[in-house]
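The questions below ask how the labels attached to a structure follow from their cut-offs. Each reply sets a value against its definition and then concludes.

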Amino acid sequence: MGRYEGRASGRGVPPWGWRLCLAHQFAERRKPYQAGDVSASDAFRHLGLALRYFRWWYRKSRVEKRRPVIDLFNPQPLRQIYGCPLGGFGGGTITRGWRGDFCRWQLKPGLYHYKAVVANQFTVCLRRKGQTVYQQVLSVERPSSLQGWNWGFCAHYAFYHGLYPRAWTVYQLPGQDVVLTCRQVAPIVPHDYQDTSLPVGAFVWEVENNGSHDLDVSLMFTFRNGMETKEDRAGGHWNEPFCLERDGHCVRGVMLHQCLPVNAYTLAISAREKASSSLQNRTEQRGPVGDLRLRGTRPGPPRDCSSPGGDASLPSARRSCQTSCPVPAGSNAVKRYTRFFGSDGDACPALSHYLLTHYEEWEEKIEAWQRPILEDRELPAWYKSALFNELYFLADGGTVWLELLPEDAASLAAKPGLSQHLPLLQEYGRFAYLEGQEYRMYNTYDVHFYASFALAMLWPKLELSLQYDVASAVLTEDSQPRVYLMSGQTAQVKLCNVVPHDIGDPEDEPWQRVNAYLIHDTADWKDLNLKFVLQVFRNFRLMQDTAYLRDMWPICLAAMESELKFDTDGDGLIENSGFADQTYDAWVVTGASAYCGGLWLAATCVMCRMAEALEAGEVQQKYAAILAKGTEAFERLLWNGKYYNYDSSQRASSSSVMSDQLAGQWFLRACGLGEGASEVFPQGHVQSALKTIFEMNVMGFSQGTMGAVNGMRPSGVPDTSSLQADEVWVGVVYALAATMIQEGLVEEGFRTAEGCYRTVWERLGMAYQTPEAYCQKRVFRSLAYMRPLSIWSMQLAWEHRAAQGGSPAPAPVPS
C-alpha cells in the first residue's frame, strides 16, 4: 500500500486480507520451469524420457487434437494480475483481477482461457444539477482499442482487498470528494451443499459523498458477449433482455447466449430494482458502447441521488451463468446446481433473482464462519489472509460437481459393499478438482492427501463423496497396456486393489477411465495406498461416521495387503524400489525411506486403531506385530542422531535433510494419535528432527524468508541431486508448519509458513495462483495448484492445541 495516495478506507473493508494499491508493481518477475532450465546431467540421465514424452505430446496435441494433461512445452507464464474468482463450486468461474480486469475464464471443466476482455468494465458518471461533472472507466489500463472511452483511472487512488470468498475495491475519485467501494461476493458457505454450487457472483457498490453538493451517481457495467477467442469470429452469439418479479423483488438483466459448436452456454448480468434507484439495461448488438468521454449525454444503468456527507448502496450488475452443456467429455452428467434450478438451459433469470435476494444472507454466514479466526489475536494477520485466500482453488481448480446419472446409480447399486456410496452420491453428488490448472488430472490422490483438510473440515460430505469414488476405483482393473514415459516399460493402466493416481482427464471420461497420469506406473508407488488408509481414519475421527468406517474397512485391508509386497526383507518396513515411486516423482529413493517408511508406520498404526474400533482382533494383532518390527527397523536404518535420513541407500544424497520426513507423524497427530500409548516415532526424535529442519531447511535457506526447501545437505547447501529436492513446495511447507504446531514449536511453525506466504503473495505476485513449487531464484513450477490447501491442517492443529486445555503458545507478532 506504499503507493496509495488516497485517504479513503472504503466501506466495510476488513483489516485482514491481501491488500495492495492498484499502482503496485511487483519487483520480481519469474519464469516457468522449462526445458532450458534442465541441467546437462539431468538432460543426459533422462534422455529416454524426453524422447518418449515428445512422441506422446506430439500424438496427443497434433494428431488427436487434444490437450496433454501435462504440457511441458507450453507452461503458463506468470501474470501478476489475478484476484478472487467469481462462482461457486463446479459451475465454472470468472476471475476479476486486482486491477479490475476480467482476466481468467474457466467455463468449460478443466479448461482455462487467460485473457482480459477489454470491454468488460465498470464506468462511473457523476452529475450535478443535471450536468455531467465526472465520467470515468474504473480501469487503470489504457488499451489501444475503444479509444472513445475515458480510460486511465489514477491507480494511486484505488486499492484492492481480497479475503476469499469476498473482495473489495475502493476508488477515491480524484477531485470529487466521492468514494466508491465495490464489494464482490461468491456463494461459498461451509457445510452448505446447495448455494455453494451456484455459478453466480455479486458486485455490491457503496457510494460516499463527502462533498457539499447533491450528486446523481450512475454506474454502468459493460460486458462483452464472448471472450475474444477465435470461436467468437464465427458469430451467432445473441443477447436477450429479461425481467423476473417474484416475492416482491424485481430483477432485470440481459442474457448473453454464446452459441459455440460444442458446449454452448449462457451468461447473464442483472440488477435488482430498488425504490431509490432507476435501472436501465442497454443491449447493443453491434458491440459495446462506443464513446464514453465527458459529454453529459449517456446515463448509466443504476443511479442514486447522494446527499452531501451521505452514502448509498447501489444494486449493481451481477453475474450468473447457466450452462446448458459443459461437463467432462464423454459424459451426459449435469452440474450440481441444476438440481435446484433445472437442466433445461433456461435458468439464468431464476439464478439471477436468487442471487440478488440471497447474497446478503451468504455474507452473514461468511462473516460468522470467518469471525472467530479473524478475531483470534494469537494468530498473525498474514496467516488469516493465507488461510481463507488459498480456498480459491476449491472453486477455481477446474472443479466439477455433478449429479449422479441414473445409469451410474444402477451400476453402483449392483456392486456389493460400500453401502453408503450410492445414497451419498445421490444426496451430495460427485466432486472433482484438478491437481493444478496446468496438471489437468482430477482428484490426484497423492496431492489430495495434503489438500484434503480443506474439504474435510469445511465440506465434509464432499470429502466423503470423493473418498467413496476412490474406494470404488481401488477395486477396479483396466488391463489396457500402455508405455510409461519414465521407464519406457509397458504395463496395464490400473491394477486391482491399488489406489489410483487420479480419477481421469477432464477431456476424457473421469471416474470411468482413471489414471490419466502416465509418467510412472503408479501401481508400484509406495505412498498411494497408505495415504488412502490414513485419510479414511482421519475422516472417521473428524466426522465420527461409523458406517463410513465399516464401508472403508475392506478396502483398507485390500490396500494394505497389496502394500505388504513392498516389504521385501520381512523386517516390517516397506522399501522403495530405486526410482521416484511416490509423490516426489522426480526424486529417486531406494530402500527404507523417511517419507514412505514413515507413512507406512502411520498407516499400520491406524489399521490397529480401526481394527480395535471394529472389533477385528486378529487384524489388530497382525498389524501391531508389523508395527513393532517396522518401528525398530525404521529407527535402526534411518535415525542418525539428529533427524531421519532421506533413505538407507548410502548414496551421496541419502543423508539429506528432507523437510517432509515426518509426514506420517503429521497425519497421526491430525488423527489424534502419535503420542502417549499411540506413539510411533519417539517424541525426542520428532523434536530433534523438526528443530534440525527449521535450522537447516528453513533458516539455512534464503535466511528463513522463503519457507523450507525440500532437501538440504548436512553441509548446509540445498540438495541438487534432483529438481524437486532443490524446490520449495508450498503445500508441503504448510504441512510441515502444522507438524511444528502439533509438537509445540508454534513460533517456528508460523515462521516457516510465513516465508511461503510472503514469497508467493507479496514478493512474486502469485495471488490466487499459488504454485506447486518455486526455487530460490528465477523459476517456479505449476501455477494454481491443489497442494497448498494443506494450510487448513495448520488450522486443525491450532484448534486441537486449544481444545487440549492449555493456551496455545503465542505466535509471532501479527504483521
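Q: What makes two strands count as a pair here?
A: Two strands pair if DSSP finds at least two bridges between them, and the strands themselves are DSSP runs (E, at least two residues), numbered from the N terminus together with the helices (H or I, at least four residues). In this predicted model, local features need pLDDT of at least 70 and side-chain atom pairs count only at pLDDT 80 or more, whereas totals for chains, interfaces and linings use all residues. Residues are numbered from 1 along each chain as its sequence is written, and side-chain values use heavy atoms, with hydrogens and water left out.

Q: How do you know that S5 and S6 are paired, and which residue stands opposite Lys-108?
A: Two bridges join strand S5 (residues 102–108) to S6, and the two run antiparallel; the definition asks for at least two, so the pair qualifies. Lys-108 stands opposite Leu-111 in S6, and Trp-105 has His-113 in S6 as its bridge partner. The two strands form a hairpin with two residues between them, and Gly-110 in that turn has a positive phi of about 75°.

Q: What joins S4 to S5?
A: Strand S4 (residues 93–96) is joined to S5 by four bridges, again in antiparallel fashion, and Ile-94 has Trp-105 in S5 as its bridge partner. S4 and S5 form a hairpin with five residues between them, where Gly-100 in the turn has a positive phi of about 105°.

Q: Why do S3 and S6 stand at the edges?
A: The open sheet of four strands has the order S3-S4-S5-S6, with antiparallel pairing. Strand S3 (85–86) and strand S6 (111–113) each have a single partner strand, so one side of each is left without a neighbour in the sheet.

Q: Why is S5 described as largely enclosed by the rest of the structure?
A: A residue is buried under 20% relative accessible area, exposed over 50%, and partly exposed in between (1.4 Å probe, protein chains only). Six of the seven residues of S5 are buried, so this strand is largely enclosed by the rest of the structure.

Q: Is Gln-535 buried or exposed, and what does it touch?
A: Gln-535, found in helix H11 (residues 528–543), has 0% relative accessibility and therefore counts as buried. Contact means heavy atoms within 4.5 Å, and, not counting residues up to four places away in sequence, Gln-535 touches Tyr-445, His-448, Phe-449, Ser-452, Glu-463, Gln-467, Tyr-548 and Phe-667.

Q: Why is the link between Arg-183 and Glu-363 called a salt bridge?
A: The term requires a side-chain nitrogen of Lys or Arg within 4 Å of a carboxyl oxygen of Asp or Glu. The closest N and O atoms of Arg-183 and Glu-363 are 2.6 Å apart, so the pair meets the criterion. This pair links distant parts of the chain, with Arg-183 in strand S11 (residues 178–185) and Glu-363 in helix H4 (residues 348–374), 180 residues apart. Arg-183 counts as buried because its relative accessibility is 12%, and Glu-363 is likewise buried at 6%. Both belong to a network of salt bridges that links Arg-166, Arg-183, Glu-206, Glu-363 and Glu-367.

Q: How do you know that Glu-64 and Lys-60 form a salt bridge, and is each of them buried or partly exposed?
A: Their side chains meet at 3.6 Å, N to O, so the distance satisfies the cut-off. Glu-64, at 36% relative accessibility, counts as partly exposed, whereas Lys-60, with a relative accessible area of 16%, is buried. The structure holds 38 salt bridges.

Q: Why does Tyr-58 count as partly exposed, and which patch does it help to make?
A: Tyr-58 is found in helix H2 (residues 47–63), and its relative accessibility of 44% lies between the two limits, so it counts as partly exposed. Together with Phe-54, Val-63 and Phe-73, Tyr-58 makes a nonpolar surface patch of about 410 Å². Patches are made of residues with over 30% relative accessible area and no salt bridge, where like charges are joined within 9 Å and nonpolar side chains (Val, Leu, Ile, Met, Phe, Trp, Tyr) within 5 Å; accessible areas come from the Shrake-Rupley method with a 1.4 Å probe, and for residues only the protein chains shown count as cover.

Q: What makes the radius of gyration agree with that of a compact globule?
A: The radius is taken over C-alpha atoms, and the globule rule is 2.2 Å times the number of residues to the power 0.38. With 815 residues the rule gives a value near 28 Å, and the protein chain has 27 Å, which agrees.
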